[in-house]
Amino acid sequence: MKKRVSPVLIVVLLIILVIAAGGLSVVIGRYLPGKEKMDSSVYFHLEGEDQVALVLDQEILEEKGKLLDGSIYIDADTVGRYINSRFYWDEENQEMLYTLPDEVIALQPDSRSYTAGGKEQEEEVPMIVSEGDTFFLSLDFLMKYTDMDCQVFENPHRAVINTREGAVQMVDARKSYQVREKGGIKSPILTEGQEGDHLRFLEAMENWTKVATIDGYVGYVRNKDIGEVREEEVAFSSDIPEYTSIRKEGKINLSWHLMTNEAGNGELAEKIKGCEGMNVISPTWFTFADSDGTLKSLADKSYVDQAHEAGLDVWGLIENINTDESTLEVLSVRENRTRIIRQLMDAVKATGLDGINVDFENITEDSAPHYLQFVRELSVSMRKAKKILSVDLPVPQPYNAFYNPKELGVMTDYVIIMGYDEHYSGSEEAGSVASLPYVEAGIQGMLEAVPADKVINAIPFYTRLWIQPFGSSNLTSETMSMDEASDYVKKHDMEVYWDGSAGQNVAEKEDDEALYQIWLEDEESIEEKMKLIQSYDLAGVASWQLGYQRNTVWEIMDRYLNG
């Protein structure tokens, strides 16, 4: 007699099988790659059919381009911030200016034509279109005047832009592959590719590698799907005219000659006596006389002739310190800039000046675009005249990045770091005018934007006596020349010690009323700064101001510049 299988047992077995199958399914699911594919419009953050994603140097920008009549446009602010800061909107004349090496071209909104090189140029689409107060630049026109590589893709619309030249790291696909949003097989798929595809290498992980595809996706591929990292050189082929520069033979040793009236021109012989090794003098000759760009000028041909006889080049300085006029108000009007440049070039021709030095200080973020455009426009005239153009810039800091030293380094022949005023008259604590770390940080920061053979570092011939009354926060200071500081130290029998970190001698004394301190600028401090200038192989040194030095420093400066 056959035994009957209990229905209960059958049910239990079925339950076990179901659980086992479910568990196996979970295990298998855990190790099977996910098939979910991310919507490309979601990935590129596109919300409308007329939007165009901008992928700049392997980063998706929040800002979007615009598709107009089949052509891609990018708003001017985005262009200036990320791609090419040389486009300048002239509000008064309602036109976009672009400065070439030998001319400034003017682009009218919604127009296809412009004049360049003395000829009428015609584009296939308008170079600029406007929507209210927003102006958009044609991507095709932008590419024509920008060192960049750009490829355009559809579904969805995106422009993949690269602006960085030089060596880049690449990997090649060994087989078909998937690029996922994150490093994991369950992460959504962004795109797929085939064996032999070239991918930009970004970052290596244990099992995954972060890459950028040619068509703008940035994500992760499995390490086993790609080959070894290799280097590839990226260079742009461009028809952009070269912004040429002039170099003075040998190293620059410049000193500024502070002048407030015409009588100062008669002091030249006395000022340069004993200044062996100095080869450029920069008199403070020009400033704003009114808000229309008329200049107050102290330019004098006999001064230039006398300097030339002494073996000195003369770079006339234009400044915005000793004037009541607003730099923003003066420079924001094209006619004012043109008037200033015409007066400067007239002075160059009339006196035989070898160059112009632009010393516009306390530039604000609002006035910075107009300041930059002034320098660009001045550079055109100086380049044509074959005269040297230099600019004075503060030590680079995050808060003054809008000075745009990279752009100024292209437009001018020399960029001078004003490597002083680390502590100034309004400082809340006493300290050095130019400690060694401060000077070196300034040099390093400037070299990130400007080639060393264009960078001049300015050093102080002055220092400050700091007086801190006891029981009071009323810190005061006064400027002293080298000899004045030395005499004060001797007269008041101050204790002097060497501060190795600052690279200078420090004098201190206290009485019943206050603490007195001087971070001395002397032969030893100048030598430490010159060592830095030599080690970074800069174009030279400048000094503020002529007459505040001891002439023993000239031999030190010359030795480190010329061996």
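Reader: Which residue in E10 does aspartate 75 stand opposite?

Author: This is a predicted model. Strand E3 (residues 71-75) and strand E10 (residues 134-138) pair in the antiparallel sense, over three bridges. Opposite aspartate 75 in E10 stands phenylalanine 136.

Reader: What is the order of the strands in the open sheet of seven strands?

Author: The pairing in this sheet is mixed. Its edge strands, each pairing on one side only, are strand E9 (128-131) and E11. From one strand to the next the twist averages 35°. The order is E9-E10-E3-E2-E1-E12-E11.

Reader: At about what angle to E3 does helix H3 run?

Author: Helix H3 covers residues 76-83. Strand E1 (51-56), strand E2 (59-68), E3, E10 and strand E12 (158-162) are the strands it lies across. Relative to E3, helix H3 runs at about 75°.

Reader: How many residues apart are tyrosine 98 and tyrosine 145?

Author: A search of the whole structure finds 20 aromatic pairs. In one of them, tyrosine 98 and tyrosine 145 are tilted, at 5.4 Å centre to centre with 50° between the planes. Both tyrosines are buried. Tyrosine 98 is in strand E5 (residues 95-100) and tyrosine 145 in the loop between helix H4 (139-144) and strand E11 (149-153), a separation of 47 residues.

Reader: Why is the pair of phenylalanine 402 and tyrosine 403 stacked or tilted?

Author: The ring centres of phenylalanine 402 and tyrosine 403 are 5.8 Å apart, and their planes are at 15°. Planes under 30 degrees apart count as stacked. Because of these values, the pair of phenylalanine 402 and tyrosine 403 is stacked.

Reader: Is phenylalanine 402 buried or partly exposed?

Author: Phenylalanine 402 belongs to one aromatic cluster with Phe288, Phe360, Tyr371, Phe374 and Tyr403. Tyrosine 403 has a relative accessible area of 6% and is buried. Buried means under 20%. Phenylalanine 402 has a relative accessible area of 22%, so it is partly exposed.

Reader: How far from the ring centre of tyrosine 243 is the charged end of arginine 86?

Author: The charged end of arginine 86 sits over the ring of tyrosine 243. Its distance from the ring centre is 4.5 Å.

Reader: How far apart are the end C-alpha atoms of helix H11?

Author: Helix H11 (residues 436-447) has twelve residues. Among its buried residues are Leu436, Val439 and Ile443, and the buried residues pack against elements including strand E25 (388-394) and helix H13 (523-535). At 1.5 Å a residue, H11 should span 16 Å. In agreement with this, its end C-alpha atoms are apart by 17 Å.

Technical notes
Residues numbered from 1 in each chain as written. Predicted model: local features only at pLDDT ≥ 70, side-chain atom pairs only at ≥ 80, totals over all residues. Heavy atoms only, no water. Phe/Tyr/Trp six-rings, centres within 6.5 Å; stacked < 30°, edge-to-face > 60°. Helix = DSSP H or I, 4+ residues; strand = E, 2+ residues; numbered from the N terminus. Buried < 20%, exposed > 50% of the residue type's maximum accessible area, 1.4 Å probe, protein only. Lys NZ or Arg CZ within 6 Å of the ring centre and 35° of its normal. Pairing = 2+ DSSP bridges. Axes fitted to C-alpha atoms, helices over the stretch in contact; angles between N-to-C directions. Contact = heavy atoms within 4.5 Å. Expected span 1.5 Å × (residues − 1).
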